[in-house]
Amino acid sequence: MKEPGPPKAPRAFSWFPGHMRKALRRLEESLTLADIVLMVLDSRIPASSRQPELEEMLRRKGKDSLLVLNKSDLAEKSETERWLACMRREGHQVAAMQAVTGRGAGPLEKPLEKLRQAVHARRKKRGLLPRDPRLVVVGIPNVGKSSLLNRLAGATRARTGARPGVTRGNQWVAVPGKWQILDSPGILYPRIEGEEILTSLAAVSCVSLDAIPLERVGALLLQRLIRGNHPPQSLYVEDPEAEPEALLRALARRKNFLVNAQEDLPRTARWLLQSFAKGDLGAVTLETAP
Ligand SMILES: Nc1nc2c(ncn2[C@@H]2O[C@H](COP(=O)(O)OP(=O)(O)OP(=O)(O)O)[C@@H](O)[C@H]2O)c(=O)[nH]1
Ligand SMILES: [Mg+2]
């Protein structure tokens, strides 16, 4: 499914709130048509990948929704369990999954079935004919919206919208007897308030590395990884209590990322952020459940 790539982070540490509002407004029309909204999160940063404004809007509209902790293979199992429990306590339906492995709805099957029954019951009560519920997949860039959509749509996926000149706007892909899915997932802008959230988002490739203070963000990520519960072996440094920049320098020397005998910090930061995003440093959850 083709849609615009991740938006670039502006130089400051936050989006224009106007950007976020515009994305939400664009989404509002599709949400009006939706019966069930799947909010996809990254299991490594469950807090920063959430969208309080969207959740509030769905509550206002009385829409059924499901939080999907995706990329669970890249997160710590025990942490994911804690997040699931925490979100359930808040009253959310939630499931953890890997959108790139397996077929069909997988762990979403049960909660989706429950929501399907609820949609049917509601329509019946209002005297409406039964129909397959309409799903909309939303989330910040790169969390796996398209992967999930492809999985849910399966072989019946129709890509009518991909050809040039084909109808713009909302296109529904039917999976007969199951659901209808909106062909283009809704991309939301994350709220970037401060360096910590920026680091979380950069670590999962939600924002472009070309638009952020690379060395600073890389150093902060390194510090978080080293001080975390399970510091990756490959990041071993002698003094884990050192300042972030000193940690990054130490890593540069260890990796032999040098130019003219000086530590190449941009290269080291990029290597670290990209390795983490791909899961090369192991399964690590960056944000712990409250
Ligand atoms: N390891 C792992 N990788 C995943 C999973 N789901 C998606 N990915 C990968 O994450 C990347 C982004 O997935 P997409 O499905 O394109 O994400 P998206 O939310 O549609 O991204 P945008 O359209 O850019 O907003 C791809 O490289 C996927 O292969 C998962 O559960 N586990
Ligand atoms: Mg996509």
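Student: How do you know that strand S1 (residues 36–42) pairs with S4?

Tutor: Four bridges join S1 to S4, and the strands run parallel. Two strands pair if DSSP finds at least two bridges between them, so S1 and S4 qualify. One facing couple is Leu38 and Val137, the latter in S4. This is a predicted model, in which local features need pLDDT of at least 70, side-chain atom pairs count only at pLDDT 80 or more, and totals for chains, interfaces and linings use all residues. Residues are numbered from 1 along each chain as its sequence is written, chains are lettered from A and ligands numbered from 1 in the order in which they are written, and side-chain values use heavy atoms, leaving out hydrogens and water.

Student: What makes S4 and strand S6 (residues 179–182) a pair?

Tutor: Two bridges in the parallel sense connect S4 and S6, so the minimum for pairing is met. Leu135 stands opposite Ile181 in S6. S4 is also joined by two bridges to strand S7 (residues 186–187), again running parallel, and there Val138 has Gly186 as its bridge partner. Strands are DSSP runs of E with at least two residues, helices runs of H or I with at least four, both numbered from the N terminus.

Student: Why is strand S4 (residues 134–139) called mostly covered?

Tutor: Five of the six residues in S4 are buried, that is, under 20% relative accessible area (exposed is over 50%, partly exposed in between; 1.4 Å probe, protein chains only).

Student: What makes Arg134 a charge over the ring of Trp172?

Tutor: Arg134 lies over the face of Trp172, at 5.4 Å from the ring centre. The criterion is NZ of Lys or CZ of Arg within 6 Å of the ring centre and within 35 degrees of the ring normal, so the distance is inside the limit.

Student: Why is the aromatic pair of Phe257 and Trp271 classed as it is?

Tutor: The structure holds one aromatic pair. The centres of Phe257 and Trp271 are 6.2 Å apart, with 70 degrees between the planes. Rings of Phe, Tyr and Trp (its six-membered ring) pair if their centres lie within 6.5 Å; planes under 30 degrees apart are stacked, over 60 edge-to-face and the rest tilted. Therefore this pair is edge-to-face.

Student: Which parts of the chain does the pair link?

Tutor: Phe257 is in the loop between helix H8 (244–255) and strand S8 (258–259), and Trp271, 14 residues away, is in helix H9 (residues 265–278). Another contact of this loop residue is a C-alpha separation of 6.5 Å between Phe257 and Thr268, 11 residues apart along the chain.

Student: Are Phe257 and Trp271 buried or exposed?

Tutor: Phe257 has 7% relative accessibility, so it counts as buried. Trp271, at 22%, is partly exposed.

Student: What makes the backbone of Asn142 worth a remark?

Tutor: Asn142 is not a glycine, yet its phi is positive, about 70 degrees. Asn142 lies in the loop between S4 and helix H5 (145–153), and at 36% relative accessibility counts as partly exposed. Ser205 also has a positive phi, near 60 degrees; its place is the loop between helix H6 (195–203) and helix H7 (214–227), and at 31% it too is partly exposed.
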